[in-house]
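Student: I would like to take a close look at a single part of this model and learn how to read which way its residues face. Could you walk me through one helix slowly, and then show me how the same kind of reading works elsewhere?

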Amino acid sequence: MRYAIICDVHSNLEALETVLTEVKKREVERIFHLGDIVGYNANPNECIEVFMAENISSIMGNHDAACCGLDDPLWFNSAAKQAIIWTRDKLNSKCREYLRGLPEQLVLEGRILLAHGSPESRDNYILDWMDAMRQFAVMEKTSMNICFYGHSHLPALFAFRGFNHDLAQHGKHTLDWSNRYLVNFGGMGQPRDGDPRTCFGIFDSDEMTVEFFRIKYDVLKCARKVEKAGLDTYLAERLLAGV
Ligand SMILES: [Fe+2]
């Protein structure tokens, strides 16, 4: 089965539409999103409506939970918190209910986990090898071979054996069912690795391959909408810089 995997759309309609155009050229059977449909940028309802229309399956991110009122935005920085409060006000009731109904995690084919922050928690960050090792232990207990995750907005490929983090930035990699992996295709609606292009991944469970993609989109249009909406200008600046 061929899956497109996207994460951290964050109300960035321009990135979402560009990625979907690219995904449709690549004959995937399902599209999964790893949480944070909303927050930061200026098109929350429009992005959720695309998810509904395109039948994209999503799990819940920490921004989704805060924006639909399931969590308090206590632990967010001030720009993120302002965007959450702005988004709460803008969400229509249908879109709010859609967010409230998102599952915490999903399992594909019995051994592939989809999680927002980490296998352990929606709010955990996996940033380095030590974080990854802790999460491999969690995966072992639940017999998961691969976990696709997001939240950090940083592309990464950690392998339990044969670690090579540097390979994760581009291209296609063949995985091995006897190993365990943590895979992050990057934060498509707000990249933070210094590259402002949007991103997505394709996982082929028959070939056992993951492929990382980066593509240009109209980042300036999205940044201008952020400014026009009255959101923190830092959010527009970081989009343009990819940080
Ligand atoms: Fe996020």
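Tutor: Let us begin with helix α5, which spans residues 93-100 and in which Cys95, Tyr98 and Leu99 are buried. These three cover an arc of only 95° around the axis, and therefore they sit on the same side of α5. An α-helix has 3.6 residues a turn, so residues three or four places apart point the same way. Please keep in mind that this is a predicted model. If you now turn to the other side of α5, you will find Ser93, Lys94 and Glu97, which are exposed. As for the buried residues of α5, what covers them includes α2 (44-54) and α3 (62-67).

A strand can be read in a similar way, and here strand β7, residues 156-159, is covered on both faces: Ala156 and Phe158 are buried on one side, while Leu157 and Ala159 are buried on the other. Strand β7 also pairs with strand β9, residues 181-184, in the antiparallel sense over four bridges, and within this pairing Ala156 stands opposite Asn184 of β9.

Finally, follow the chain into the loop between β7 and β8 (171-174), where His170 lies. His170 counts as exposed because 11 other C-beta atoms lie within 10 Å, and the cut-off for that word is 12 or fewer. The C-alpha atoms of His170 and Phe212 are nevertheless separated by 5.3 Å, although the two residues are 42 residues apart along the chain.

Note on methods:
Residues are numbered from 1 along each chain as its sequence is written. This is a predicted model: local features need pLDDT of at least 70, side-chain atom pairs count only at pLDDT 80 or more; totals for chains, interfaces and linings use all residues. A residue is buried if 20 or more other C-beta atoms lie within 10 Å of its own, exposed if 12 or fewer, and partly exposed in between; C-beta atoms are placed from the backbone. Helices (H or I, at least four residues) and strands (E, at least two) are DSSP runs, numbered from the N terminus. Two strands pair if DSSP finds at least two bridges between them. The arc is that of the directions from the helix axis to the C-beta atoms. Two residues are in contact if their C-beta atoms, placed from the backbone, lie within 7 Å.
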